[in-house]
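Good morning, everyone, and thank you for making room for me today. Please take a moment with the sequence and the model before I walk you through a few places in it.

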Amino acid sequence: MSDNDTIPLHPSSQSDIDEIESLIFATPSATVLPARPPSPPRATIPISVPVSTSPTPPSPVPPSIPITIVPTAPVATASGTRVTIGSDGFGSPPNTLTEPVWDTVKRDLARIVSNLKLVVFPNPNREDPGKALRDWDLWGPFFFIVFLGLTLSWSASVKKSEVFAVAFAVLAAGAVILTLNVLLLGGHIIFFQSLSLLGYCLFPLDIGALICMLKDNVILKIVVVGVTLAWSSWAAYPFMSAAVNPRRKALALYPVFLMYISVGFLIIAID
Amino acid sequence: MEEDGYGTLPTSHLLGSVPAVISEEKKSSLGEGGASPSNLNVFPPSVGVYQAPGSGNPLDGNDQSGTDWKGFFSISSYSPFFNVDTDVVVDRLMSSFYPRSNFFSKIDANPDLYGPLWISTTLVFMLAAFGNTATYVMQIKSDPTKAWNFDVGYVNWAACVIYGYTILVPLAFYFLLQYFGSHPSLVRFWCMWGYSLFIFIPSSLLLIIPVEILRWIIVLLAGGASSWFVSSNFKYYVEGIDMAALVVSALLLQFALSIFIKVFFFA
């Protein structure tokens, strides 16, 4: 099996391989937890005859890498015991249905914060588009777009609802159209990941709009909007430019700047 | 198959998470005589064979062969119209300033819709932004005490007018020419009319200057250049037919657009 013409690794794959290898070689006999939590007990119909414990599923034949997989706990259902209905054994879904609402909200908030830190703030993983928003979600972008619309609407003195409508439509439709633009130019992005990223990059403009709403000085507004605009563009730049052919980079980036500049202008001009 | 580790499996180069960016080299196709490579995967092959009327690209009048039109809602059917690089787009933008530059021969092989789409979108935002700035400047000059408000209605008006003009006028000319027997290409019409709007972007920036006579001069110059561009390129397409009226109407429509921009946004 002399396969010499392998495709060279993508840079983001290398970081994942490094992760796995460090796990493997750090502690040779470390027990690695299974990828998902053990399945909850299966629902069974109670029967009167005592049932012997169901055989444990055979653990997979260990490869030569010295990992010992913790075997899933044997699911024993004694007779007469009613078991809570679970799913067919794939881990978390029943827990998220029955957990307290505060836990769900806390988890989503934590994910928003972590995505924000990855995208908007400087961190060593920025140049790696595969890692940037692997755990994308749309709650963050939704919240930021609505917040920006509300802030603009609040600071407007006339036609408040129209201002909100224009801001929301421009940002939401703009994110979709920008993603389609990259796809049409022959770029490679995942649709929702890109929507999510463009939404998170609105965070600096949100802060700018908030400051402009509180202080009504034109010079200050121009300075604040300029700074936050540059910050937003800096946040979105690596992702967008990596997604297309380098000869079309400007074609993919220009609409992003156009959208942020027009939102910035709205922030300055609305008073 | 060796058993001594994962590193030597035949798929070892695929380890790792799915990256967001895939850098694949496009495999060179064995296209002979202009056959699109995708046709080689389609059975029955549709190159050089009778193509049912509904299966071709509805936007391209003449070249039905080799287009892989997968329906209105598939992105890949619109990709051929965005097959341009940055330098190509910049070149087309610059040539829209010069009316005699034979724009149609430039775009004939590769009409793009990227230009019209983003030029019209940019123009919408520029008109809304600079129109409001112009009213602000005028108000500061005339009555500094009155409070000025940003009129969001400008965005709506600009979007309706510019998008409506860019989409409907070429469409109308396309159907008119088809009625008269010619075989125009709708994509090329959209492309040309879209690029003809580019000159209004820098002129709308200049229209902020509150001197009225200067504004009219700028509008007339920009409108004149744009109309001349449209009519000279449109004439190229109408050569077979003796329809001077069509060319004149295209010219007048473009001029009317520029007058409307001045009157509505920069009053």
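Let me begin in the loop that joins α5 (139-155) and α6 of chain A, where we find A:Lys159. Please keep in mind throughout that what we are looking at is a predicted model. The phi angle of A:Lys159 is near 55°, which is a positive value in a residue other than glycine, and I mention it because most residues other than glycine have a negative phi. Is A:Lys159 buried, partly exposed or exposed? Its relative accessibility is 39%, and because buried means under 20% and exposed means over 50%, A:Lys159 counts as partly exposed.

From that loop we can move on to helix α6 of chain A, residues 160-184, whose axis comes within 9 Å of the axis of helix α7, residues 191-200 of chain A, the two crossing at roughly 130°. That angle makes α6(A) oblique to α7(A). On the side of α6(A), the residues making this contact are A:Ala175, A:Val176, A:Leu178, A:Thr179, A:Leu180 and A:Leu183, while α7(A) brings A:Phe191, A:Ser194, A:Leu195 and A:Leu198. If we sort the contact of α6(A) with α7(A) by class, we find eight nonpolar residues, two polar ones and no charged ones. The crossing itself is right-handed.

Now let us turn to chain B, and to its helix α1, residues 86-95, in which B:Thr86, B:Val89, B:Arg92, B:Leu93 and B:Ser95 are buried. What covers these buried residues of α1(B)? The cover includes α10 (249-269), which belongs to chain A, together with α2 (103-107), α3 (114-142), α5 (186-196) and α7 (212-237) of chain B.

Staying with chain B, the UniProt record, an unreviewed entry, places the feature "transmembrane region" at several stretches, among them residues 154-177 and 213-231. In the model, residues 154-177 of chain B are 100% helix, and the C-alpha atoms at the two ends lie 34 Å apart. Residues 213-231 of chain B are likewise 100% helix, with end C-alpha atoms 27 Å apart.

My last stop is B:Ala267, in the segment after α8 (244-265) of chain B. With a relative accessible area of 65%, B:Ala267 is exposed. Leaving aside its neighbours within four places in sequence, B:Ala267 is in contact with B:Met138, B:Glu212, B:Arg215 and B:Lys262. Of these, B:Glu212 is 55 residues away from B:Ala267 in sequence, and yet their C-alpha atoms are 8.9 Å apart in space.

Conventions
Residues numbered from 1 in each chain as written. Chains lettered and ligands numbered in written order. Predicted model: local features only at pLDDT ≥ 70, side-chain atom pairs only at ≥ 80, totals over all residues. Heavy atoms only, no water. UniProt positions renumbered as here; feature names shortened; annotations may be inferred. Helix = DSSP H or I, 4+ residues; strand = E, 2+ residues; numbered from the N terminus. Axes fitted to C-alpha atoms, helices over the stretch in contact; angles between N-to-C directions. Parallel < 35°, antiparallel > 145°, perpendicular 65-115°, else oblique. Left-handed = near helix turned anticlockwise from the far one by under 90°. Contact = heavy atoms within 4.5 Å. Nonpolar A, V, L, I, M, F, W, Y, C, P; charged D, E, K, R; others polar. Buried < 20%, exposed > 50% of the residue type's maximum accessible area, 1.4 Å probe, protein only.
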